[in-house]
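Student: I would like to learn how to read a helical model carefully, going from a single residue out to the whole chain. Could we work through one together?

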Amino acid sequence: MDPQAAKMIGAGLAAIGMGIAALGVGNVFAKFLEGALRNPGAADSQQGRLFIGFAGAELLGLLAFVTMIILVFVAQ
């Protein structure tokens, strides 16, 4: 296989990782909103966990993005 083609396939797989991270962020906020609507009194105590879940999912998306950029522009 041509090395340039392998780089682009790897970058495409990393882009899939960014899409999955976006789904994870949406899932985190959806579950928080669902729980907050069921029990509004407990929503304030769970907000810290919301941001931790958001940060974790977003970190995975950023790592996939950095991997994609490295594969496209830096790797030879």
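**From one lysine to the whole chain**

Tutor: Let us begin with K7, which lies in helix α1, spanning residues 3-38, and keep in mind that this is a predicted model.

Student: Which side chain of opposite charge is nearest to K7, and how far away is it?

Tutor: For a salt bridge one looks for a side-chain nitrogen of Lys or Arg within 4 Å of a carboxyl oxygen of Asp or Glu. Here the nearest side chain of opposite charge is D2, at 9.4 Å, and K7 has no salt bridge although it is buried. Leaving aside residues up to four places away in sequence, K7 touches L71, V72 and A75.

Student: Which other residues of α1 are buried, and what do they pack against?

Tutor: Besides K7, the buried residues of α1 are G10, A11, A14, A21, V25 and A36, and the buried residues of this helix pack against α2, which covers 43-74.

Student: How does the span of α1 compare with the one expected?

Tutor: The 36 residues of α1 reach 53 Å from the first C-alpha to the last, close to the 52 Å expected at 1.5 Å a residue.

Student: How many helices and strands does the protein chain have, and why is it more spread out than a compact globule?

Tutor: The protein chain has two helices and zero strands. Its radius of gyration is 17 Å, well over the 11 Å that the globule rule gives for 76 residues, so the chain is more spread out than a compact globule. Along the principal axes, its C-alpha atoms fill a box of roughly 60 × 15 × 10 Å, and buried residues make up 17% of the 76 residues.

Technical notes. Residues are numbered from 1 along each chain as its sequence is written. This is a predicted model: local features need pLDDT of at least 70, side-chain atom pairs count only at pLDDT 80 or more; totals for chains, interfaces and linings use all residues. Side-chain values use heavy atoms; hydrogens and water are left out. Helices (H or I, at least four residues) and strands (E, at least two) are DSSP runs, numbered from the N terminus. Buried means under 20% relative accessible area, exposed over 50%, partly exposed in between (1.4 Å probe, protein chains only). Lys and Arg count as positive and Asp and Glu as negative; His and the chain ends are not counted. Contact means heavy atoms within 4.5 Å. The expected span of a helix is 1.5 Å times one less than its number of residues. The radius of gyration is taken over C-alpha atoms; the globule rule is 2.2 Å times the number of residues to the power 0.38.
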